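The exercises below are meant to be worked through with the sequence and the structure side by side. Each task is followed by a solution that goes step by step.

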Amino acid sequence: MNINSESQFDAIIIGGGATGAGTARDCAMRGLKVLLVERSDFASGATGRNHGLLHSGARYAVTDHESASECIKENMILRRVARHCVEENDGLFITLPEDDLAYQAKFVESCRAAGINADIIDPAEAKRMEPSVNPTLIGAVRVPDGSVDPFRLTTANVIDAKIHGAVVLTHHEVVGFIIEQNRMTGVKLYDYGTKQTKEYRSKLVINAAGIWGHHIAELAGVKVNMFPAKGALMVFGHRVNNMVINRCRKPANADILVPGDTICVIGTTSSRVPFEECDNMYVTREEVDLLLKEGEKLAPALASTRILRAYAGVRPLVASDSDPSGRSISRGIVLLDHETRDGLAGFITITGGKLMTYRLMAEWAADLACKKLGVNEKCRTADVPLPGSREEDKAPSKKVYDMSATATKAAEGRHGFMTEKIKAESLSDKAVVCECEEVSVAEVDYAINDLHVDNLVNLRRRTRVGMGTCQGELCACRAAGRLAKASKCAQRAQDDLTHFLNERWKGMYPVAWGHTLSEIQFTSWIYEGVYGLSASDNK
Amino acid sequence: MIKDTFNISDNNFEQCLKCTVCTVYCPVAAVKPEYPGPKQSGPDGERLRLKNPDFYDEALKYCLNCKRCEVACPHDVKIGDIIQAARIKYSKKKPGLREMMLANTDIMGQMATTFSPVVNLSLGLKPVKAVLDGVMKIDGHRTFPKYASQKFESWFKKTAQASQAQYKNRVSFFHGCYINYNYPQLGKDFVKAMTAVGYGVQLLEKEKCCGVALISNGLIDQAKKQAELNIHSIRRSVAEAGIPVVGASSTCVFTMRDEYPHLLGVDNADVRDGINLATRFLYSLVDSGKVRLAFRDDYKLHLAYHTACHMEKMGWAIYSISALRLIPGVKLTVLDSQCCGIAGTYGFKKENYPTSQAIGDSLFKKIEALAPDYVVTDCETCKWQIEMSTSVPVKHPISIIADALDVEKTIELNRR
C-alpha cells in the first residue's frame, strides 16, 4: 500500500453530496487544510435524487416547528449566497374538496410562528397565478417556496472549497481507517482510476456520507443507527407549472410538484428499504401509479404530459441514540462527536437533515471541527456568496463567450457568473452538443477541464447534457466524442457511452409507454442499429 | 400567466422524437447558419420558452413559414405553427413602416391601382428603388409586381357578373389581392374556364386580403379581424347557400383553411372543407365525370411545374399536375419539390435577400437547364421569384388551361 506523503490534512471529509461539499467549503474558508473524498461523483446520492425544492419550511410547519424555522432561514440565505442555483418561483399549498379546509388556519398559524410568510389567497387568484393548478381547489396559501438545483449547488461548494485550498478526489472510496490509540489519524482510499489503495493522514475525519455513513461508521468500528427511506420521484418533459404546488394537509405521498429548470418533478413516496438496495434503486410500477394518481390532483395536465423518467433517492433517517429500535426517528440534523459518544477521537458524523439545511449542517460540523483543532474562526458561509453568484466573478469588460442567445442564456442559468469562464472562440466551439438543454461544445469542454468530469454521468450533473426530452439520443455520442478527445481513449469513451445509455434507460423503463417508449426505441435504433453498440458492451 | 390563446395543441411539441428530419428539410437551415432550424426553434425552443419567455430567440424571424418541416415530420408535430405562434407571442420587435407597407396588400393595392401608371413608373425608377432599398430596407433587386389600371372586381362587376345567372352551378371566387390589384387576367382566365364547363362565378359578399402577409409581419390583430370577416363571408356562401369557395392562390387557400384556426384562433371547422383551390376543384369535377374539357389542337408547349411550399403542405400539387396533364399538347416536367426562397414578403426584405436567393439557387439552375416554355405554379410569389431569377416566364395552371381550352367545344361537351 502506498502512503500519500504529500501532506497531512486537518480534516478529511467523506461524501461529495451537498453536506460534504458544504462542510469542505466551510472548513477550507476557516483556514483548515481539507481533503474531500467521494467514491463516485458529486451529488450522486440523495443530494441529486430529490425534488430540488427550495423549501420555505411550510411543509414542516405543523408537524416539526424546528425544521420549519431552519428551512426558512436557510431558504433566505440560499437566495442570497446561491442565486444562480435558486429559482424564486414561490409556492402554493392548495386545499382540494377531499381535504379538510380547517387545516388551512392551523397551517398558516404554524407557518407564521416559524417565521414563514404564508398568505391565504382566493382560489381564483391562485388559478390566475398558476394556471396549471387543479381548478377544483377550494383554498390556497402562498408561501416563499422555490427551486434549487442540487447539482449546481454542490459543484459551487466544491469549486469554492478548492479556491480555498481544499483537495478534492472523486472516484475514491474509503476502504478503511487508520486508528491509533483510539484516535483516527487517516483513511485508506481506493482509487477507481488507478485501482490502487493509498493512505491519507489527517487530524480529523468527518463522515458526511448520507445513508452510506452507516457503513462508514461501521468501518470505523462505531455504530450509527440509520434507516434507509426510499423516495421515488418522476420527471415530466417540460414545465407544467411555474410555481411549486403542494397539498395543504399533513405531509403525505406525492403531494409536491416542483418546477425546476426545463422540467417539473412530482414526488415523493416513502418506504423503508434494506441497505443492499441503496446502491441500485428501482422505481416500481406501484410507485409510478401512485405518483401519477396523486400528481394529477395537483395539476390535471400531468395526466397528458410526457414523462421523461422516474428515479429514487434514499433519505438517511437516524434513530436517536436513546432509542436504538428506530421507533423514534429524527428528521432533524444529527451531529455526532464520536470522541465523547464512543471514545473514538478525531471522528465526527454529520447526518440526518435535508438538502435545504446542508449549509447549517456544514456549519455545525465545521464548528465542532474547529473547536477540536483549536481554530478560532467564525462561519462565513451564510454571508459569502458561492462562485457563480458572486459579482466579482463577472469578467471586467471583454466578452469571451459568444454563442447563440439561447445557448448563452441556458449556460448562464447553469453556471451563473462562472459562465464567463466558458470560452467559445471558434465556430466548432459554438456548436451544440445537447439540443434539448442547449449545451455547447465550449460548455462541455469547460466542464471536462474545470469541473471534475470523467464520464458522461458526471457531465450530465454539471451541464444537463442528456437530461432533456431525448435523454441522450442525440447528445450522448457527441459528448462522448469530447470526452474521448480529452482522455485520448476512444475505447473508454465508448464503454462510457454504453454505460450512460443504460443509465438513461433505467430511468425511462418504469415509464416506458407512449412517446417515451417511441423515443427510447428510436435511441436504440441509432445506437444499436447505426453505431453498432450493444447492451452487453456495458461492463 | 394568461392561458395560451393560440390553438396549438397544448402538448403537441411533446410528440417530437428529436429525429431532426425537419431540419434536414428546412430550406433556411441549409443556407443560413444563424437560423437554429425548425427542431430547435420549434419543439426544443418551446420547452425553453415555457421555462422562461426570455428564451425566445429573435432568429426565429428567419423562418419562412413554408411548413416543409411539418410535411417531413413523421410524428405530426406542428413545428411551423409552434414557431409562428412563438413569434406572435414572444417577439419584442414591433412591425415598422416597411412591415405595414408590405403586409397591407389591400390598402397598398387600393391606392396603387387608382394611380397605377404613376405608381408602376415610380416603383421602377432608380431613385425610388434607392429609397426603398436604403431607407425602407426593401431589397433593390426586387421589383414590385405591376399594379393593374382596373381592379379585377371592377372588371367582373362591369363585364362578367350579369351573365353568370345563366349557369345552374355556382362557385364563389376568392380572388385575393394579387388577382384584384396586379393580375386581373388570372381572374378572367378562371371565369373563362369555369363558365366553359357550366359553372357560374360570383364574388364573396365581402373579401379582404387573407392576411398571410399580416401574420408573417406580426400584425396579428389586423390579421384576425380580416380572417373573421372572410370566414363570415365564406360561411354565407358555403354553409348558408351551399356554394363552394374557390381560390386560385395556394397560399390564400392554405391560410384560410389552416392558419386561421392554428395561428389566429379563428374557428373555420364548419366551412373548411368548402374552401378549395381552383385546380383541385376543376380537376375533381373532371375526374368524377361531372364536366369534360376539350383542348385546342394547336396548343403545344413544354411546361415545368413548380410545387409551391403551401401546395406541398396541403398535398395538392397532384391536382394541378393532373389537370395540366389533361392537355394533349403539353409536355410536362415536374420539378423536384423545393422552396424557391421568396416566401411572400420575406424575400423582399433587404436582410433576407441573400438567403432567399441561396435557397432558390438550385431550382433556378434546373429551370435554366431545362429551358421550358413556361414554369407553372399555383403561387404568385413563386412566380415573381422565378421570373426575377431565371429567364423563363411563369404562369398559373388555370391560365394555361384557359389558354389551351377549346371553349366552343368545351361548352358543347358540357351542355349534353
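**Exercise 1. A salt bridge within a helix**

How many Å apart are the closest N and O atoms in the salt bridge that K157(B) forms with E153(B)?

Solution. The model is a predicted one, and in it the closest N and O atoms of K157(B) and E153(B) are 4.0 Å apart. The next step is to place the two residues in the sequence: both belong to helix α10 (residues 152-160) of chain B, and because they are 4 residues apart there, about one helical turn separates them.

**Exercise 2. A second salt bridge in chain B**

Determine whether the partners in the salt bridge between K39(B) and D44(B) are buried or exposed.

Solution. Begin with the distance, which is 2.6 Å between the closest N and O atoms of K39(B) and D44(B). Then take each partner in turn, using the cut-off that buried means under 20% relative accessible area. K39(B) has a relative accessibility of 1% and therefore counts as buried, and D44(B), with a relative accessible area of 2%, is buried as well.

**Exercise 3. A bridge and a network in chain A**

Find the parts of chain A that the salt bridge between E98(A) and K297(A) ties together.

Solution. In this salt bridge the closest N and O atoms of E98(A) and K297(A) are 3.4 Å apart. E98(A) sits in the loop between β5 (91-95) and α4 (102-113) of chain A, while K297(A) belongs to helix α8 (residues 285-298) of chain A, so the pair joins parts that are 199 residues apart in sequence. As for its surroundings, E98(A) is exposed, with a relative accessible area of 53%. The last step is to widen the view: a network of salt bridges links E98(A) and K297(A) with D99(A), R247(A), R249(A), K293(A) and E294(A). Over all chains, the count of salt bridges comes to 64.

**Exercise 4. The interface of the two chains**

Describe the interface between chain A and chain B, going from its extent to its individual contacts.

Solution. First count the residues: 33 residues of chain A are in contact with 23 residues of chain B. Next comes the area, about 2400 Å² buried between the two chains, of which carbon and sulfur atoms give 52%. On the side of chain A, the residues that lose the most area to chain B are H238(A), K409(A) and E435(A), which together make up 22% of what that side buries.

Then turn to the contacts themselves. There are 3 salt bridges between chain A and chain B, and in one between R47(B) and E437(A) the N to O distance is 2.9 Å. Across the interface, 12 residue pairs are in polar contact. Helices α5 (123-129), α11 (405-415) and α17 (514-530) of chain A are the elements that give two or more residues to the side touching chain B. Sorted by class, that side of chain A has 12 nonpolar, 11 polar and 10 charged residues.

**Exercise 5. The overall form of chain B**

Decide whether the radius of gyration of chain B agrees with that of a compact globule.

Solution. A compact globule of 416 residues would have a radius of gyration near 22 Å, and because chain B has 21 Å, the two agree. The C-alpha atoms of chain B fill a box of roughly 65 × 50 × 40 Å along the principal axes, and 60% of its 416 residues are buried. Chain B has 22 helices and 8 strands. Among its contacts between residues at least 6 apart in sequence, 76% join residues at least 24 apart.

**Exercise 6. Unusual backbone angles**

Locate two residues with a positive phi and one cis peptide bond, and state where each lies.

Solution. As background, most residues other than glycine have a negative phi, and most peptide bonds are trans. A43(A) has a phi near 55° and lies in the loop between β2 (34-37) and β3 (53-54) of chain A, where at 2% relative accessibility A43(A) counts as buried. A371(B) has a positive phi of about 45° and lies in the loop between α19 (353-370) and β7 (374-376) of chain B, but at 51% relative accessibility A371(B) counts as exposed. The peptide bond from G267(A) to T268(A) is cis, with omega near -10°, and T268(A) lies in the loop between β16 (263-267) and β17 (271-272) of chain A.

Conventions
Residues numbered from 1 in each chain as written. Chains lettered and ligands numbered in written order. Predicted model: local features only at pLDDT ≥ 70, side-chain atom pairs only at ≥ 80, totals over all residues. Heavy atoms only, no water. Contact = heavy atoms within 4.5 Å. Buried area = accessible area lost by both parts, 1.4 Å probe. Salt bridge = Lys/Arg side-chain N within 4 Å of Asp/Glu carboxyl O. Polar contact = N/O pair within 3.5 Å; in protein donor to acceptor, adjacent residues only side chain to side chain. Nonpolar A, V, L, I, M, F, W, Y, C, P; charged D, E, K, R; others polar. Rg over C-alpha atoms; globule rule 2.2 N^0.38 Å. Buried < 20%, exposed > 50% of the residue type's maximum accessible area, 1.4 Å probe, protein only.
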